[in-house]
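Take a look at the fold below. The questions that follow go through its sheet, its helix packing and its cores.

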Amino acid sequence: MSDLNYSLLLPRADRMPRTIAARTRRIYDSVALVYPVSTFFFHSRAHQCALRNAGIRNGMRVLELATGSGEMFRRLVRANLDGQTFGLDLSPNMAARTLDRARRKFPRAQSHCGAVDVRSMPFKNSSFDAVVCCYLFELLSQDDIRLTLREIRRVLRSEGTFSLVVIGQNAKFFNRLYDVAGKLVPAFWGRQVEHAVPELVEEAGLRITSAHAVRQTGYPSKILVARR
Ligand SMILES: C[S@@+](CC[C@H](N)C(=O)[O-])C[C@H]1O[C@@H](n2cnc3c(N)ncnc32)[C@H](O)[C@@H]1O
């Protein structure tokens, strides 16, 4: 059986045997300037929902993984003007853009960003009250989702919250389009993982406390909130 046929038989989350980080970094680096348009049309409603449910209060230490061009990051900084907000992204252009926009908009807030692969994070154990991660897991292999979840649990304090946004799998036609897009440019689209993530989150020792679904311009998102 060819590799392609074989991969079609696997559950979606298993269809990415390896994370292709170098290619992902190059692609997201090259789209950093225009990426805000896609966030505006497809992600902003899910960002709002995640922020409403993430339990973030002013004065916390908050970490966002895979900031992209920084739209969610600025929401987090705005909600946490007297705290510290950290952002990481694999793409140096995305991380630089995120930091620049946040510091210009909120010059008095403590915001910090770096170009870091979140599979291994440069933070001490239990150093954050809240961790937020939107639309990253689609781009990681299942083993790397597990690794990243272990890192998230490690840097979260006890009872800290983890808010996760992934692409929803509840729209058949959208799923088909996404499958095609993911096969054409896997380093940019990855594959859908909504059905696999609740088990992976719980397996990492995080308790899911709420789940929400939103749809924007036909694009489905799932928001999970968990506690350590
Ligand atoms: C689909 S975009 C999502 C951006 C943003 N979170 C949003 O909600 O619009 C995925 C982002 O994940 C970043 N990324 C991919 N793999 C990563 C990794 N291993 N570590 C950190 N960031 C990563 C990419 O550079 C890109 O900016």
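**Core, sheet and helix packing**

Q: Which residues outside its near sequence neighbours does Leu149 contact, leaving aside those within four places in sequence?
A: The model is predicted, so to speak for local features a pLDDT of at least 70 is needed, side-chain atom pairs count only at pLDDT 80 or more, and totals for chains, interfaces and linings use all residues. Residues are numbered from 1 along each chain as its sequence is written, and side-chain values use heavy atoms, with hydrogens and water left out. Contact means heavy atoms within 4.5 Å. With neighbours within four places set aside, Leu149 touches Phe137, Phe162, Leu200, Val201, Ala204 and Leu206.Q: Which residues have the most contacts inside the largest nonpolar core?
A: A nonpolar core is a set of buried Ala, Val, Leu, Ile, Met, Phe, Trp, Tyr and Cys residues joined through side-chain atoms within 4.5 Å. Buried means under 20% relative accessible area, exposed over 50%, partly exposed in between (1.4 Å probe, protein chains only). The largest such core has 31 residues, and those with the most contacts inside it are Leu63, Phe137, Leu149 and Phe162.

Q: Which elements give two or more residues to this core?
A: Helices (H or I, at least four residues) and strands (E, at least two) are DSSP runs, numbered from the N terminus. Two or more core residues come from each of strand 1 (61-65), strand 2 (84-89), strand 4 (128-134), helix 6 (142-155), strand 5 (156-167), helix 9 (197-203) and strand 7 (219-227).

Q: In what order do the seven strands form the open sheet?
A: Two strands pair if DSSP finds at least two bridges between them. The pairing in this sheet is mixed. Strand 3 (110-115) and strand 6 (207-216) each have a single partner strand, so one side of each is left without a neighbour in the sheet. The order is 3-2-1-4-5-7-6.

Q: Which residue is the bridge partner of Asp89 in strand 3?
A: Strand 2 and strand 3 run parallel. Six bridges join them. The partner of Asp89 is Ala115.

Q: How many residues of strand 4 are buried?
A: Strand 4 pairs in the parallel sense with strand 1 over four bridges, and Leu63 has Val131 as its bridge partner there. Six bridges join strand 4 to strand 5, also parallel, with Phe128 opposite Leu156. Strand 4 is mostly covered, and its buried residues number seven of seven.

Q: At what angle does helix 6 run to strand 5?
A: Axes are lines fitted to C-alpha atoms, for helices over the stretch in contact, and angles run from 0 to 180 degrees between N-to-C directions. Helix 6 lies across strand 1, strand 4 and strand 5. Its angle to strand 5 is about 145 degrees.

Q: How are helix 2 and helix 5 oriented to each other?
A: The axes of helix 2 (residues 21-30) and helix 5 (residues 92-105) come within 7 Å and cross at roughly 45 degrees. Angles under 35 degrees count as roughly parallel, over 145 as roughly antiparallel, 65 to 115 as roughly perpendicular and the rest as oblique. Helix 2 and helix 5 are therefore oblique.

Q: How far apart are the axes of helix 3 and helix 4?
A: Helix 3 (residues 35-53) and helix 4 (residues 71-79) pack at about 40 degrees. Among the residues that meet are His47 and Leu51 in helix 3, and Arg75 and Leu76 in helix 4. The axes are 9 Å apart.

Q: Which residues of helix 4 are buried?
A: The cover over its buried residues includes helix 3, strand 1, strand 2, helix 5, strand 3 and strand 4. The buried residues of helix 4 are Glu71, Met72, Phe73, Arg74, Leu76 and Val77.
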